[in-house]
Amino acid sequence: MVEVRVDRAIYDKAYEYLQPRAHILRPLEHEDRVIAFTKDDEVVGALLFSDYDGNNIMVHLALDDPKIASRRNIKLMFDYAFNQCKCNRMTGICVDGYERNERLLAGVGFKKEGIIRNIMNVDGTCVDGAIYGILKGECKWV
């Protein structure tokens, strides 16, 4: 069974899991928030919320198994951003053309807003990123 954890004890381990999978180059910052999905105390998925500015929050996601993106866990993500942080918007960026991620983002309500050229570093190569956004008023999960 997958357990959802937000305790500080799992932060570093969850970020180590997420960082290469979401192609994040910067270190974990104090203001960042992490939701870890664990199975037998091993991280199998993670959400990172970063760059909160009062209106928008960036979300980064990595999962070993797409089944972790259950209705309950999707609601957790949107509840945190829209209800707890009081954001009006969430933004996510994924490798452009990576169908699995783009399908997941679109499937939960994000809208593809464009392409940012050479935004992500994947194995030493700069690649384009697809930017996705969702507004609180568009979200069916809250």
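The following exchange concerns helix α2, glycine 109 and the confidence of a predicted model.

Residues are numbered from 1 along each chain as its sequence is written. In this predicted model, local features need pLDDT of at least 70 and side-chain atom pairs count only at pLDDT 80 or more, while totals for chains, interfaces and linings use all residues, and side-chain values use heavy atoms, without hydrogens and water.

Biologist: Which element of the chain has the highest mean pLDDT?
Modeller: pLDDT is the predictor's confidence in each residue, from 0 to 100. The chain averages 94, and 100% of the residues score at least 70. Helix α3 (residues 99-107) has the lowest mean among the elements, 92, whereas the highest, 97, belongs to β7.

Biologist: How far apart are the end C-alpha atoms of helix α2, and what span should its 14 residues have?
Modeller: The expected span is 1.5 Å times one less than the number of residues. For residues 71-84 this gives 20 Å, which agrees with an end-to-end C-alpha separation of 18 Å.

Biologist: On which residue is the kink in α2 centred?
Modeller: The bend at a residue is the angle between axes fitted to the seven residues ending there and the seven starting there. In α2 the kink is about 25 degrees, and its centre is phenylalanine 78.

Biologist: Is glycine 109 buried or partly exposed?
Modeller: Glycine 109 lies in the loop between α3 and β6 (111-122). Buried means under 20% relative accessible area, exposed over 50%, and partly exposed in between (1.4 Å probe, protein chains only). Because its relative accessibility is 24%, glycine 109 counts as partly exposed.

Methods
Helix = DSSP H or I, 4+ residues; strand = E, 2+ residues; numbered from the N terminus.
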